[in-house]
Amino acid sequence: MSRPDRRIRFALLLYGVTALCRVLVTLVEVFQRTKAVQPAEFAAGELLFASEPALRVALLVIASANAVLLLWCRRPATALAQGAAILDPLGTLLAGVLLFSAFLRSEERQLREPAAGAAWSTTLALLARLTPRAVLGRLPGLALWAVCGLVLFGAAEAWLSTGRHVGRLFAAEDFAAFLALGAAGSVISGARWALEIACLVLAIGAFARPSERSWVRLAWAGAAVGLTPAAWLTGFELPAVLLLLALFDRWCARDASDLRRAFAPSVVLALYVGVRLQGYLFGVLIDEIAALGLVPATYATLGPLAVLVAVWTHAGTGALVQRQTPRRTLEAAAAVALAFAFPLLALLVPALGRRTRAAAPLLRRAAVPVLLGILLATWALGELNYPILNDFSQVAQPVWAALLGVAAAALFLVLQTALLQRPPLGGRAAWLALGALLLASIGTWSALASRQGPRLVAAQHAKILQQMLHGVRFLKEPALVPLEGAPRAELASDGIVAAESYPRLPQHERFAERRPPIFFLLWDAARADHLSACGYARRTTPVLERLASEAIVFERAYANATATTVSVRHLFGGRYATRYMLASEHAPFFPGALVARGYDRLWINVHGSDYNGVSAEAFLRCQPEEARVRAAARFFPEYEEQEKTHRAIALLDAELEQRKDRAHPADGLFFYLHCAAMHFPWRRWEDSEDYGSAPEDLYDECIAHADRALGVLLDALRERGLYDDAILVLTADHGTGLGEHGKYGGFLPYEEQIRVPLVMKLPGFAARRVAAPVASLDVAPTLVSLFAPGEASRYEGWSLLSLAAGASQRLPRRYLFSFCAFEDALALIDLEQDWKLHLHNQGRYFHLYDLRADPGETRSLADRESERAEQLFSIAERFLRAGVGSYANPYHYRELTPR
């Protein structure tokens, strides 16, 4: 290899590092601007923020060095684009395009050398034989090996992960139906994936045939890269992919020789990988990516990645064909596939077998260790992904599925290649076997697809077979009959929203002339059943116990969402909000109503942003008297609990000093403190007792730490003589999973995720415990109604003052909703009969629980109680369709089809 060519390869390596640095710097810039991630919230985030200066220096140094290197290579345009990568993410994509063109030119010179040219000519001649007849003749054998691989991975998953929950979270018959449904899905998906791979092979073969017409090549390439069911391309992206392929085709056509066609495998495969990754990434995070303004950066990331995949694949294929020229068509195809799936192994060919003259013996020798490595990797990924933080892996799930797809494809390719010495399975027998399997699988799928039990098992406890089921949904996609928007009165008659005026009680006289200080404390991710104040055996909250003995404790309080941003909008807005976390329009937060009724200073502890927490702007947005609210509001962002508490006390003292001439200096003050100590990741605290090292123990230790901070605040109020008159509210935005449903953390609206504490100390109200079910929606109207007796309510929650005073035993509400965050799902609770419906539109399933008989939600009765499930489903549907474009039409419920 000549020196210029080595410089180009080295420039590509530097380019990869530059692209990585540019992406990381862009992320830090976005997070700093939007506060979407707090530096101290996660260890990875803290490391990323801390390394920002080093990343900027590295970006500048590496990009500059690469620009100098490219100028040395007489590539001024590429050098200029490489320098532009310092300033903008799209600069990295432009640099990649120009650098890849330079790489193609340099490699083309290498291919013209006699030895390399002869090897590649032989390979291209073999690849040109991959005609539709030849490839489709191999299709059934390919599909059967794919099915074997997928069934093997599914069985390993069922054994290692899913099976551990049988009898605890679902019945044995649901597990058996899940296995049958998963096997049917594996067969259908294996056949579909084999067809997809066959299209890729046909595209490579078409580009390898110089006599093939351009439209044939583009048709196969388009079918493989853009039109397969797994590639979710938009109207902009598909033409862009086809344009790139057309440009590559024209570049090949300008050379009469076949040398340029040697790049067909790497170019086609790189575009395919880029498209699949784009589909996975945008399918999960498109809204967040768009709202954060990361769309250009995302394309600028996928573009360089595709470039590097093309370079890596070409290098791996070259290492194979130049040292071991294939002798048969299948060997050439296997060499390309192996270079794509295992490029490192392809580059290590000389060390593994110098005397081999064909690819088959080498691949046969490598089949066993490769297979064992795949199984080991599957086990490791499964153990890392399933027992801990399952719901927090939503973003990583597509990567997990992609890794499994590549591993399964590599598995059957290796097995197929290892049997080259034997007659491969093909011909009429293979077609008959594949046809019989498909017919049996389609029949099994049709019989079981309507059952909710196996869908629940697959969606929540089996990511591999979940992908299998996801891949064959097109066979039976239920339809939705469009409904007209239901008026608010109809929802009120269903007992969903409040239709009342605020109560008028004797206790209201206490608040006629006074605006006592309000301290609103939110414990992020605190579940009620781990607080000793709510009956937990371990004494985690002695301070809260004392407060609860002097306050009203609502023993069955529900959060209306499962993550902070969505839940806080319910809590402070008092109305059902969209589950779409980035909505810029929402109900005005209730502190604005307090300002209208006499409160003149709001001290608000901001946690995060609209993207990951609660922003300062959320408290000011959509306020009827925005100018007064902005004048009253002050924000402070301290993150650590002790620091935050002492900061709040210092602010309180400053306010008391400024108001010392008033009869009641603390009147008109509102403090909101957001405690994130209980939020994942859980950690140890020096001021808390060491309960143990298990996740549950760490969680309890975090609760104890928050309780100590609460004690500091309450002691300060007592010392200043403010405790007796103060209004104190302590609640949580959501709970957290501690392994009850196989997960820690979590976002699905199970009881452990939405049952939260709610403690209110209201001056003039006697301490009591209330067993009636209440919700986060009710907190805002409760506090506002203290100062507005008899007024009409503007909220959809109910004032809890009648319950607090003992004037009533239960709210008129019949149904309650709790939204899932990050997924298109919700829970509907029938509060009269204690039935709970989980509706998962994204996963196309629902499940039903009898909370009286099964409070742990371990046995779904959706299949056995189908009529009740359909009734609740209809109520949920009416709620979601009510008032198109309003609160009850969540962003992601464009269609509701999980029946």
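Strands E14 and E15 are joined in the antiparallel sense over six bridges, and in this pairing His838 is placed opposite His847 of E15. The model that shows this is a predicted one. The two strands belong to an open sheet of four strands, ordered E12-E13-E14-E15 and paired in the antiparallel sense. E12 and E15, the latter covering 845-850, lie at the edges with a single partner strand each, so one side of each has no neighbour in the sheet. Direction ignored, neighbouring strands of this sheet are turned against each other by 15 degrees on average.

**Inside the sheet**

Strand E13, residues 825-830, has six of its six residues buried, so the rest of the structure largely encloses this strand. Burial extends to both faces of E13, with Ala825, Ala827 and Ile829 on one side and Leu826, Leu828 and Asp830 on the other. Asp830 also has a bridge position to note, since Tyr815 stands opposite Asp830 in E13. The strand that pairs with E13 here is E12, residues 815-819, and the two run in the antiparallel sense over five bridges. They form a hairpin with five residues between them, and Phe822 in the turn has a positive phi of about 75 degrees.

E13 is also paired in the antiparallel sense with E14, residues 835-840, over six bridges. Ala827 has His838 as its bridge partner in E14, and His838 in turn stands opposite His847 in E15. The hairpin of E13 and E14 has four residues between the strands, and within this hairpin Asp834 takes a positive phi near 60 degrees.

**Helix pairs**

Three pairs of helices are set out below by the approach and crossing angle of their axes.

| Helix pair | Axes come within | Crossing angle |
|---|---|---|
| H3 (residues 52-72) and H4 (residues 76-84) | 8 Å | roughly 175 degrees |
| H7 (residues 132-160) and H8 (residues 172-208) | 7 Å | roughly 145 degrees |
| H27 (residues 641-658) and H28 (residues 695-719) | 9 Å | roughly 15 degrees |

The axes of H27 and H28 cross at roughly 15 degrees, which makes H27 roughly parallel to H28. The crossing of H27 and H28 is right-handed. On the H27 side the contact is made by Glu641, Gln642, Thr645, His646, Ile649 and Leu652, which meet His705, Arg708, Ala709, Val712, Leu713, Ala716 and Leu717 in H28. By class, the residues of this contact of H27 with H28 are seven nonpolar, four polar and two charged.

H3 and H4, whose axes cross at roughly 175 degrees, are therefore roughly antiparallel to each other. Here Ala63, Asn66, Ala67, Leu70 and Leu71 of H3 meet Pro76, Thr78, Ala79 and Gln82 of H4. The contact of H3 with H4 divides into six nonpolar and three polar residues, with no charged residues.

For H7 and H8, the crossing is right-handed, and their contact has 21 nonpolar, three polar and no charged residues.

**Two buried residues**

Which residues does Thr564 touch, leaving aside those up to four places away in sequence? Thr564 is in contact with Asp524, Gly613, Val614, His674, Asp733 and His734. One of these contacts spans a long stretch of chain, for Thr564 and Asp733 are 169 residues apart in sequence, yet 5.9 Å apart in space from C-alpha to C-alpha. Thr564 is located in helix H23, residues 564-573. With a relative accessible area of 8%, Thr564 counts as buried, because buried means under 20%.

Gln623 lies in the loop between helix H25 (616-620) and helix H26 (626-632). Despite this loop position, Gln623 is buried, with a relative accessible area of 7%. With residues up to four places away in sequence not counted, Gln623 touches Pro588, Phe589, Gly592 and Val629.

**The protein as a whole**

The secondary structure of the protein comprises 32 helices and 15 strands. Of its 899 residues, 59% count as buried. Among the contacts between residues at least 6 apart in sequence, 75% join residues at least 24 apart, and the contact of Thr564 with Asp733, 169 residues apart in sequence, is an example of such a pair.

Note on methods
Residues numbered from 1 in each chain as written. Predicted model: local features only at pLDDT ≥ 70, side-chain atom pairs only at ≥ 80, totals over all residues. Heavy atoms only, no water. Buried < 20%, exposed > 50% of the residue type's maximum accessible area, 1.4 Å probe, protein only. Pairing = 2+ DSSP bridges. Axes fitted to C-alpha atoms, helices over the stretch in contact; angles between N-to-C directions. Parallel < 35°, antiparallel > 145°, perpendicular 65-115°, else oblique. Left-handed = near helix turned anticlockwise from the far one by under 90°. Contact = heavy atoms within 4.5 Å. Nonpolar A, V, L, I, M, F, W, Y, C, P; charged D, E, K, R; others polar.
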